[in-house]
Protein chains: 2
Amino acid sequence: MIAGLKVFAPATVANVACGYDILGFAIDGPGDEIIVNRVDKPGLVITKITGCKNKLPLEVEKNTAGFAALKLLEFLKEDKIGIEMEIHKKMPFGSGLGSSAASAAAGVMAINELLERPLTRRELLPFAVLGEQIADGAYHADNVAPSLLGGIIFIRSNEELDVHRVPVPKGLYATVIYPHVKILTRDARKILSDVVSLDDHITQNGNLGGLILGLYNSNFGLIKRSLQDVIIEPQRAQLIPGFFELQEKVLNAGALGCSISGAGPSIFALSDSLITAQNVGVEMTKVYSRLKIESELFISSINQRGTYLV
Amino acid sequence: MIAGLKVFAPATVANVACGYDILGFAIDGPGDEIIVNRVDKPGLVITKITGCKNKLPLEVEKNTAGFAALKLLEFLKEDKIGIEMEIHKKMPFGSGLGSSAASAAAGVMAINELLERPLTRRELLPFAVLGEQIADGAYHADNVAPSLLGGIIFIRSNEELDVHRVPVPKGLYATVIYPHVKILTRDARKILSDVVSLDDHITQNGNLGGLILGLYNSNFGLIKRSLQDVIIEPQRAQLIPGFFELQEKVLNAGALGCSISGAGPSIFALSDSLITAQNVGVEMTKVYSRLKIESELFISSINQRGTYLV
């Protein structure tokens, strides 16, 4: 067994326009770091959490990373070994970038590495999803799976964790802006109508299929036509100041598409080159400067690596 | 210019479980034959229609194949040449197997061949869709596109005719039964609720994405899990006697999935081998024998050829 180690789990964009609840992708950074060390005293303890202003519980059973790690240790019948865990939140919290998912992914990966990889990455997924459920309430893999596995992840069914990697075309870049406004995931859920018109369903279904085909065939034209959300975005955009103005500017700057990341307030765009992704970033930043809202910008390739040992 | 020729356009299965309005595939047979011959007298005339008990109009502007052919001739500025057209309906009418779509596909293909291929197959599509619209009222490519182009066709948008071929895994076979009961497309449409629950939308979106990924990766397990329709089938199945009994027997016989073809009453199943497709056919036939409803059975590979010159 290894004495101690550090892992990094990246931020993720879930929903991805037409893929509400079933699509997500990882970006290079920001992300969370978790350090684990073997100690003599049996059991898992969280000794330190930084970067979240005391908002997260040290209690293992109530902590996303802790609970995920604990469930994994129990499954492996290794819950009597002594482990100290430090969680370093290095990404914004409540931003729509999968902060709790990154912690859960890092938690299971750290334990698996410490025990010299008894499970594959894919086998770790259910434990990470259980961890995120602590924070989020829902059993959803659309942030956890891309953070853990990397790439663009399609989830046929969250209940069955029927999870698949979709090819990433060369040249695909993400631009993500996190405007410092507060949206509670709870409110973002409550705002959604529980029905959809049949016409919108057909349109969204067509766009989802088009996006997957476009990614498979590196068909950027098809990706661009498909990166539209006629169901969720029109309902949630009102929660994000400046959303439609920003979206228009970003599309004019050449982005393939632009929509809400997760439940917001972060907004993502995809582009077919780094230079376009950078131009898009300039436009995004301008909008929030003018609105006098602080923001953070991230420009990234699609992170194919997922969570990794530092 | 060629003096005369015959083309064949195959029957098609549209909707394909989770792909309402956006997925369709062609089978080898049955289908429609169209014969065209050059004559001196200018203009297009339909001289004969067989196989439909006088149900279809000889008038070019009101006939699916005639109208599609006429629109193509007008586009090519060749509407003054003399052409006689015979339409031989060799497939059941009002069966949910795209009878009018096959006529429209055959109509445009016959003209294009007669004129020595001024357009590509893909370029013929809008004219064929206009033809089918005469019969169906809707501007939909989910039968016309597979009949004309062959294979499994995904349609991101019918309005834009954003049409794409999805790979067909080796070993994929279709079994289709047409029970002789009458369903009007109009009634099948009227029965549908114009809203869908958000949960069902997400499930269906997941299944559509899963089906496309499964076809790309020849992943029959994923295809099987994805070939489900939680939205349209539960509403329309009541129009087809014995539907649920048949579906259960077909799935027990090893089919990947089983649902309504088009607006019904035909029912299709997909299987991962010819032998399973044949076993599925036996089960299908038994159900309608016992119900004392006449039926026709078709077992076929996925027809990759589409409409062709005989």
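In this predicted model, helix 10 of chain A (residues 274-290) lies across strand 7, strand 10 and strand 11 of chain A, at about 15° to strand 7. These three strands belong to an open sheet of four strands. Chain A also touches chain B, in a contact that takes 30 residues from each chain.

**The sheet of chain A**

- Strands of a sheet pair through backbone hydrogen bonds, either parallel or antiparallel.
- In chain A, four strands follow one another in the order 9-10-7-11, and their pairing is antiparallel.
- Strand 9 (257-260) and strand 11 (295-301) of chain A are the edge strands, each of which pairs on one side only.
- From one strand to the next, the twist averages 15°.
- Strand 7 (residues 173-179) and strand 10 (residues 267-271) of chain A are joined over five bridges in the antiparallel sense.
- Within this sheet, A:Tyr173 stands opposite A:Ser271 of strand 10.

**How the two copies are related**

- Two copies of a chain are related by a rotation about an axis and a shift along it.
- Here, chain B is superposed on chain A by a rotation of 180° with 0.0 Å of shift along the axis, and the RMSD is 0.0 Å.
- The two copies are therefore related as by a two-fold rotation axis.
- The same surface serves both copies, since 100% of the contact residues of chain B recur in chain A.

**The contact between the chains**

- The contact draws 30 residues from chain B and 30 residues from chain A.
- On the side of chain B that touches chain A, the elements giving two or more residues are strand 5 (152-157), strand 6 (162-166), strand 8 (195-197), helix 6 (198-216) and helix 7 (220-226) of chain B.
- Helix 6 of chain B supplies the largest share of that side, with 13 residues.
- By class, that side of chain B has 13 nonpolar, twelve polar and five charged residues.
- Strand 8 of chain A (residues 195-197) pairs with strand 8 of chain B in the antiparallel sense over three bridges.
- In this pairing, A:Ser197 stands opposite B:Val195.

**Helix 6 against helix 6**

- Helix 6 of chain A (residues 198-216) packs on helix 6 of chain B at an angle of about 30°, and their axes are 10 Å apart.
- Because angles under 35 degrees count as roughly parallel, helix 6 of chain A is roughly parallel to helix 6 of chain B.
- The crossing of these two helices is right-handed.
- Among the residues of helix 6 of chain A that meet helix 6 of chain B are A:His201, A:Leu208 and A:Tyr216.
- This contact between the helices has eight nonpolar, eight polar and no charged residues.

Conventions: Residues are numbered from 1 along each chain as its sequence is written. Chains are lettered from A and ligands numbered from 1 in the order in which they are written. This is a predicted model: local features need pLDDT of at least 70, side-chain atom pairs count only at pLDDT 80 or more; totals for chains, interfaces and linings use all residues. Two strands pair if DSSP finds at least two bridges between them. Axes are lines fitted to C-alpha atoms, for helices over the stretch in contact, and angles run from 0 to 180 degrees between N-to-C directions. Two residues are in contact if their C-beta atoms, placed from the backbone, lie within 7 Å. Ala, Val, Leu, Ile, Met, Phe, Trp, Tyr, Cys and Pro count as nonpolar, Asp, Glu, Lys and Arg as charged, and the others, Gly among them, as polar. Copies are superposed by least squares on the C-alpha atoms of residues with pLDDT of at least 70 in both. Angles under 35 degrees count as roughly parallel, over 145 as roughly antiparallel, 65 to 115 as roughly perpendicular and the rest as oblique. A crossing is left-handed if the near helix is turned anticlockwise from the far one by less than a right angle, and right-handed if clockwise.
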